[in-house]
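User: Please take a close look at one loop position in this model and say whether that position is buried or exposed. Then carry on to the salt bridges, the empty spaces and the surface.

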Amino acid sequence: MDRNLRWGVTGVMLGMITAPLDGMMLGPALPAIVRDLGGLEYFSWVATGYLICMAASTPIWGKLGDLYGRKPVYLAAIVVFLLGSGLSGAAQDMIQLVGFRMVQGLGAGGLMTGALALIGELVPPRHSGRLMGLFGVMMPIAFIAGPLLGGLFADVGWRWVFFVNLPIGAVAVLLIGAAVRLERRRVRARLDYLGALLLTVVLVALSLVASWGGTRYAWGSPVILALVLIGLAAAGVLLVVERRAAEPIVPLHLFADRNFTLAQVIRFLGGVGMVVAATFLPQYMQLVHGASPIASGLLILPAMLGMVAVLVGTGRLISRTGRYRIYSILGGATVTAGMLALLLLRPGVSLALASGLTLIGGLGVGLLMQSTTIITINSAEPRDMGAASGSVTLWHTMGASLGVAALGALYTARLQDTLIDRLGAATGARIGTGELTPGALAELPAVAREAVRLAVANGVHAMALGAAALGVLAFTLAWLIREVPLRDRTPSAEPSSVAA
């Protein structure tokens, strides 16, 4: 890799890391934000609005890159994200913050998509494994550094959670603008506005179901059922529209390739696996072992380091050998083993063992992420690279979002059943439906504290069994992948291209 390309890739990686880092910094800072801005009834939308806009815009950014060029569209996504970051940091009330976070989410939808598409354009699949490994490393770094920085900014000034994105993004824009050289293609075609609208309706409906189901509204409530029906109806119409569109926002022909379709489904399942480490295990560390929020993030460090090691290692191996199918198979098996290993988590288990057990699942998720990204890029024609990158990012995001809802329902149901069994219907229901935090737990009688610890462990077991079943599904599907030779050339420019 020449020096110019190295600087360009550095800029692409800096642009990509801003979104996950921002998301992980926000959690520890939210109490300080609510304290200063008020609007407690709206604070959940600080995250929900952002995620909905990110999910809805992801495939649109990918298609825009296909039509108007990867580099200018990726730079535009960074600029929109930075605009939203600056406005969020300057927000004067919670409603303003929610609106500005939605602007931020619109830009965030193009960051991972644009980064993957740019690498797919700059480096052929046979040699992109190492770079994809470095990209994967950025996610665990964000998971580790984000909570630490968020806790720091909560003390020195929560607005820096958003302002810190500005210098990082500015450096990314400068490096990409100066060092990335691509042939810019301009396809003479109208953007599929109707397809984009219908896809947005589908994703918004699914995101709201995942966010509200079982928390704000019961799963069988009219609101949730209406959202499900709206999403299904929009999805049906979308399929009809995309078959007829000249430049579909979701090129359905991509899914005619078996490897591409399998990669998206397996990536969805991998997104669910990442949720276990990022969401449920920190709760176990806090409520069962009394760890602080920051310490609980550090205690899942083995999962993050395992993910990093696998992403880097398999990236090198794929680049050297051109073989990738085996890593999807191993990923499914390892995720399953990692989830089943969590059945060892009980109130009496040492904190060191609990932390170490997270390593197995992290290894499995890393194997799935690396292999599915390579398969996706190799399965798509150069002209559809943006749409393909948007697809794999979207399926991962939706896997994480819906995984929180589905596994969260298993976790909560088992937790509440255990509390009712141990403490009686009235007391158990009251504690189970209340806010379970280390502070609230300390105020309970000793018998109730022990019941909560056991209930949390049982909830993790139920969640782990559900995730293990999905791991078995990923393992089974991985055997259907065909070892298609990886392309050894970068995409050639179209005759009508002009230099960027």
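Analyst: Ala91 is buried, because its relative accessible area is 0%, a value computed on a predicted model. The residue sits in the loop that joins helix H3 (70–89) to helix H4 (94–108). Arg159 lies 68 residues away along the chain, yet its C-alpha atom is 8.7 Å from that of Ala91.

The two helices on either side of this loop lead to other features. Helix H4 holds Arg101, whose partner Asp22 is in helix H1 (residues 3–37). Their side chains form a salt bridge with an N to O distance of 2.6 Å. The two residues are 79 apart, and the pair links distant parts of the chain. Both Arg101 and Asp22 are buried.

In total, 3 salt bridges are counted in the model. One of them joins Glu483 and Arg323, with 3.3 Å between the closest N and O atoms. Glu483 is in the loop between helix H19 (446–478) and strand E2 (498–499), while Arg323 is in the loop between helix H13 (301–321) and helix H14 (325–341), so this pair ties together parts that are 160 residues apart in sequence. Glu483 counts as partly exposed because its relative accessible area is 29%, which falls between the limits of 20% for buried and 50% for exposed.

Another salt bridge pairs Arg453 with Glu450, the closest N and O atoms being 2.8 Å apart. Here both residues belong to helix H19 and are 3 residues apart, about one turn of the helix. Glu450 has 46% relative accessibility and is therefore partly exposed.

Helix H3, on the other side of the Ala91 loop, takes part in enclosing an internal space. The search of the whole structure gives 4 cavities of 30 Å³ or more, and the second largest cavity contains about 80 Å³. H3 gives the most to the lining of this cavity, with 4 residues. At least two lining residues each come from helix H2 (45–68), H3 and helix H5 (111–122). The lining includes Trp61, Arg70, Tyr74, Thr113 and Gly386. By type, the lining of the second largest cavity splits into 5 nonpolar, 6 polar and 1 charged.

Pockets are open sets of points, whereas a probe placed in a cavity cannot get out. The second largest pocket has a volume of about 640 Å³. Its lining has 30 residues, and those nearest the centre are Leu199, Val202, Leu238, Leu394 and Trp395. H9, helix H10 (222–244), helix H11 (258–289) and helix H16 (385–423) are the elements that give two or more residues to this lining. H10 gives the most, with 8 residues. The pocket lining divides into 26 nonpolar, 3 polar and 1 charged.

Helix H9 also has a part in a surface feature. Leu194, Leu197, Val201 and Ile230 make up a nonpolar patch on the surface, and together they have about 340 Å² of accessible area. Helix H9 (residues 193–212) gives the most to the patch, with 3 residues. Leu194, which is in helix H9, is partly exposed because its relative accessible area is 48%. That value also meets the requirement of over 30% relative accessible area for patch residues.

Key
Residues numbered from 1 in each chain as written. Predicted model: local features only at pLDDT ≥ 70, side-chain atom pairs only at ≥ 80, totals over all residues. Heavy atoms only, no water. Patch = residues over 30% accessible without salt bridge, like charges linked within 9 Å, V, L, I, M, F, W, Y side chains within 5 Å. Areas by Shrake-Rupley, 256 points an atom, 1.4 Å probe, with all protein chains shown as cover. Salt bridge = Lys/Arg side-chain N within 4 Å of Asp/Glu carboxyl O. Buried < 20%, exposed > 50% of the residue type's maximum accessible area, 1.4 Å probe, protein only. 1 Å grid on protein atoms, 1.4 Å probe; cavity = no way out; pocket = protein on both sides within 12 Å on 5 of 7 lines; lining within 4 Å. Points joined across faces, edges and corners; volume = space filled by probe spheres on them. Nonpolar A, V, L, I, M, F, W, Y, C, P; charged D, E, K, R; others polar.
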